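Hello,

Here is the structure I said I would pass on. Please look through the sequence and the model before reading my notes below.

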Amino acid sequence: MQPSLVRLTAGETPAPHPARIPYRRALAWKPAWEEEDPPMPVFVTQRAYIRLCASAGSDLENEVGGWLAGKWCRDPQTDQQFIVIETAIPAQHVNNGAAYITFTPESMLALHDRLQEEDAQKRILGWYHTHPRMGIFFSMWDAWLHNNFFPEPWQVALVMEPHSKSGGFFIRQANGALDQRRYYGFYELLHRVKKRSVVHWSNLLPVQAPGSAEGEM
Ligand SMILES: [Zn+2]
């Protein structure tokens, strides 16, 4: 069955939300090899991160997954686009098994309607799923699903491995290409007052974000 995306975009104004890129409030988490920012930097609230980890740890034998929701933004000063993941929504209507996961068009449409009701700014920014005991990579099936259900340049995929407590984002290049073996880290949006990190993935290292003042962390 070919998933229909027509209704998902109908009536939406395809414009990013104007907002300053929040580097100053963020702590960057990167894999050892990552030097440059991805074309679409990913910011994750601590609340969303905790929900993602809880969902990933809810089944250590089978793949679990769901959606990433939040804001697609553009910095008016620099034109830089970025996304802010504010919510993780575990998928209810998935066919999951030990090595595959899928979404149904019905579940996508139901979620889209719900988000529109909650907050018109909130969008489906992509999806997440786990690879228990398999590591962080993008399979051919993952790539197929991503391109068919999440085709926008600002939509990303998060893969988590709950046993080693690791995770990484798959993000398209400016030309639309996606490297299936190379994942990116993300920016943790710190609490305004506490400023304490909650990230504990073993495969990512904390890096001072560009533009963040010394001692401000
Ligand atoms: Zn996968």
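**Helix α3**

In helix α3, the buried residues are P105, S107, M108, L111, H112 and L115. They lie on the same side of α3, because the arc they cover around the axis is only 160°. E106 and E117, on the other side of α3, are exposed. Bear in mind throughout that this is a predicted model.

The length of α3 can be checked as well. The helix takes in residues 105-118, and its 14 residues should span 20 Å at 1.5 Å a residue; the C-alpha atoms at its ends are 20 Å apart, so the two agree.

One residue of this helix gets a further note. H112 lies in α3, and its relative accessibility is 11%, so H112 counts as buried, the cut-off being under 20%. From H112 to K122 there are 10 residues in sequence and 9.3 Å in space, C-alpha to C-alpha.

**Overall layout**

The protein has four helices and 10 strands. Starting at the N terminus, the order of the elements is α-β-β-β-α-β-β-α-β-α-β-β-β-β. Of the 217 residues in the protein, 50% are buried.

**The zinc site**

Which residues coordinate the zinc ion? They are H129 and H131, each through NE2, and D142, which appears with two OD entries; the distances are 2.0 to 2.5 Å. Along the chain, the spacing of these donors is H-x1-H-x10-D. H129 belongs to strand β6 (residues 123-130) and D142 to helix α4 (residues 140-149), so this pair ties together parts that are 13 residues apart in sequence.

The site of the zinc ion is irregular, and the angles among its four donor atoms run from 56 to 163°. Four donors count as tetrahedral only if all angles lie between 85 and 135 degrees. For comparison, the ideal angle for four tetrahedral donors is 109.5 degrees.

Are the zinc ligands H129 and D142 buried or exposed? H129 has 0% relative accessibility and therefore counts as buried. D142 is at 2%, so D142 counts as buried too.

**The second largest pocket**

The second largest pocket holds about 180 Å³ of space. It is lined by 14 residues, and those closest to its centre are R25, T45, V84, E86 and L189. Three elements each supply at least two residues of this lining: α2 (46-56), β4 (65-74) and β5 (81-90). β5 gives the most, with three residues.

**The cavity**

How many cavities of 30 Å³ or more are there? The count comes to one. The largest cavity has a volume of about 40 Å³. Its lining is made up of W29, K30, E34, D37, P38, V42, G185, F186 and Y187. Strands β2 (26-30) and β9 (186-189) each supply at least two residues of that lining.

**In short**

The points to keep in mind are the irregular zinc site, the buried side of α3, the pocket of about 180 Å³ and the cavity of about 40 Å³.

Regards

Conventions
Residues are numbered from 1 along each chain as its sequence is written. This is a predicted model: local features need pLDDT of at least 70, side-chain atom pairs count only at pLDDT 80 or more; totals for chains, interfaces and linings use all residues. Side-chain values use heavy atoms; hydrogens and water are left out. Donors are N, O and S atoms within 2.8 Å of the metal (3.2 Å for Na, K and Ca); water is not among the atoms, so sites may look incomplete. Four donors count as tetrahedral if all angles lie between 85 and 135 degrees; four count as square planar and six as octahedral if opposite donors are over 155 degrees apart and all others between 65 and 115; anything else is irregular. Buried means under 20% relative accessible area, exposed over 50%, partly exposed in between (1.4 Å probe, protein chains only). The expected span of a helix is 1.5 Å times one less than its number of residues. The arc is that of the directions from the helix axis to the C-beta atoms. On a 1 Å grid over the protein atoms alone, a cavity is a set of points where a 1.4 Å probe fits but cannot get out, and a pocket is an open set with protein on both sides within 12 Å along at least five of seven lines; lining residues have an atom within 4 Å of a point. Grid points are joined across faces, edges and corners, and a volume is the space filled by probe spheres set on the points.
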